Amino acid sequence: MTQQEFAVLASTIPLQPGIYKYYDGNNELLYVGKAKSLRKRVSSYFSKTYTNYKTHELVQRIRKIEFTIVNSEQDAFLLENSLIKKFQPLFNINLKDDKSYPYIVIKNEPFPRVFFTRRKINDGSQYLGPYTSVGKVRELLDFIKQNVQLRTCKLNLTAANIEKKKFKVCLEFHLGNCKGPCEALQSLQDYDEGLQQLKNILKGNLSPVIQQFKTDMQGKVMQLQFEKAGFIKKKLEHLQQYKASSTVVNERTGTVDVFSIFEEGDTAYVNYLAVSNGSIVQTKTITLKKKLDENAEEVLSFAIAQLRETFNSEAKEIIVPFTINYPQLDIICTVPRGGDKKKLLDLSEKNVNYFKEELRKKKMLLLEDKTAFEVTNVLIQLQKDLHLKELPINIECFDNSNFQGSYPVSAMVSFKNGQPDKNEYRRFNVKTVVGINDFATMAEVVYRRYKRLKEEQKTLPQLIIIDGGKGQLSAAMESIKKLDLTGKVTLVGLAKNEEELFFSGDTESLKLPWDSESLQLIRRIRDEVHRFGITFHRNQRSKGSFKNELEKVEGIGKATIDSLLKKYKSVKNIKEKTVEELAEVIGRSKAKIITDFFNPSATPSG
């Protein structure tokens, strides 16, 4: 659209507040903007001088302009953000964040279950969150399970089913994790009180939960139920420790949102801290791509609106590093100069700078064109540090995982050009090893992996990392020798605690500088194999793929197993007990059956 064409249109543009939309010749939406006065704002785009070439390019493409008049600047602000999020126009700020966030759901059902989900369904259930980290959600749920007794089963606990006595309490009841609503041992009112405690914990509002525990403990003491009072006391101490570790400022700070920004060329990074009762309950850093040389105030205002909507913020005060024209009338904008609020802003700025730096380091590990010849300095340095014959373009890493000394599995991740190659990730259910034997497990999975690659005539990795140190490395090397691959691949062991590297046959370890880029890459690969292995193990357990070893013992029933697990918590602990110790729980005859099963060599012959 030329200046002459716009001059004809200008007088028809309203002077009221609203939003404007620019379209190109194909009716594609180019840009959405807000204005206190639509005519003045739109006219500024068609002045004789442009602020930058991007604005010039935008104006050259405009073929149609549409307006929406609203009642206030605040309404224009909210509508603009909504349209940008929905249509993502070419010339608007680009929010580079397409993740689906996890929620904690309180299911719409009798005695509601509480669990993790990424799917938000319109079924009347209550969704808490979203949260920025799956790990954080699981950590919260684990903490809640230790302190609030809620059911985890999928039983249909209608009043009619409970009255007909269709259900029996399970192991979770015997372990003290559930109060047994399935057998009417817990009222709906008492269950709802537990749900309210859960909501308070998730909001960082621990004071009422702690007070309730104190009241319950005192009640048990008055009733001379000292064992139950001691149980509540332990939970109370757990909550108080959690509160002490999570509180970062004075509780009187209340509920606030904290934002900071760091700009670097056309890119901006914005950090968000959600604070409730002095505790940080949510944190997120996002990357935004500027399109029309937007200033820091415009970028920050846009990011604040998006983040507050995404995370369902109810805070009425936002803390920012500089004054912004944030048009929501019910929101107080604070630029702190000192005190607790300044400490929060400083913390947010530390986070945004850390995020930017970590992003920079991550990009250093990525080949722009992903060719075998354009490798990063990090891989070159790693080759030098480990004295490798070839550049480690392909690195594979193995790790074993077990649960409470039982159910071994193993995992392998593959990195190519310094980045995860998830198509090559592998999971291994251990087939030939009986019991827990990390060395034999490592030997099996390494043999299976490279026997297959050899048979399929696929390229071998230049570097294989064995997470676990000398023992696992020696076991892996035996498999490499059996496959006649000695000298064709390089294996290195990584000690779990000290981050020392071992080569087969060497007596001394290799310690790379703590902040070296080589070690940072190795750490990243190790952390990824840990994550992948633990996820695999958790999924296997949740599917019931693992069988409890006690179930294999003839003459031992479910009630006996439940009693032992309630007392000793794991099969590993049960294996370590003597006949006398087990007899105190299940009687001597059954105790002897179990010890004979796990220690057959200790049974006298003849």
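**Close-up views of a predicted model**

**View 1. Proline 420 sits in strand 15, which covers residues 419-420.** In this predicted model, proline 420 is partly exposed, because its relative accessible area is 30% and the partly exposed class runs between 20% and 50%. Leaving aside residues up to four places away in sequence, proline 420 touches Ser414, Phe415, Tyr425 and Arg524. Glutamate 396 is 24 residues away from proline 420 in sequence, with a C-alpha to C-alpha distance of 9.8 Å.

**View 2. The largest nonpolar core has 32 residues.** Look here for Phe259, Val270, Leu288, Leu300, Ile304, Ile318 and Tyr326, the residues with the most contacts inside this core. Elements giving two or more residues to the core include strand 1 (18-23), helix 4 (73-87) and strand 8 (256-264). Helix 11 provides the largest share, 7 residues. Leucine 300 touches, among others farther than four places away in sequence, Phe259, Val270 and Ile324.

**View 3. A second, separate core has 30 residues.** Among them are Val137, Ile144, Leu150 and Phe167.

**View 4. Tyrosine 22 and tyrosine 45 form one of the aromatic pairs, of which the whole structure has 17.** Their ring centres are 5.3 Å apart and their planes meet at 85 degrees, so the pair is edge-to-face. Tyrosine 22 belongs to strand 1, while tyrosine 45 is in the loop between helix 2 (38-44) and helix 3 (53-61), so the pair ties together parts 23 residues apart in sequence. Both tyrosines, 22 and 45, are buried. Ring pairs join Tyr20, Tyr22, Tyr31 and Tyr45 in a cluster.

**View 5. Lysine 64 lies over the face of tyrosine 23.** The distance from the ring centre is 4.6 Å.

Notes: Residues are numbered from 1 along each chain as its sequence is written. This is a predicted model: local features need pLDDT of at least 70, side-chain atom pairs count only at pLDDT 80 or more; totals for chains, interfaces and linings use all residues. Side-chain values use heavy atoms; hydrogens and water are left out. A nonpolar core is a set of buried Ala, Val, Leu, Ile, Met, Phe, Trp, Tyr and Cys residues joined through side-chain atoms within 4.5 Å. Buried means under 20% relative accessible area, exposed over 50%, partly exposed in between (1.4 Å probe, protein chains only). Helices (H or I, at least four residues) and strands (E, at least two) are DSSP runs, numbered from the N terminus. Contact means heavy atoms within 4.5 Å. Rings of Phe, Tyr and Trp (its six-membered ring) pair if their centres lie within 6.5 Å; planes under 30 degrees apart count as stacked, over 60 as edge-to-face and the rest as tilted. A charge sits over a ring if NZ of Lys or CZ of Arg is within 6 Å of the ring centre and within 35 degrees of the ring normal.
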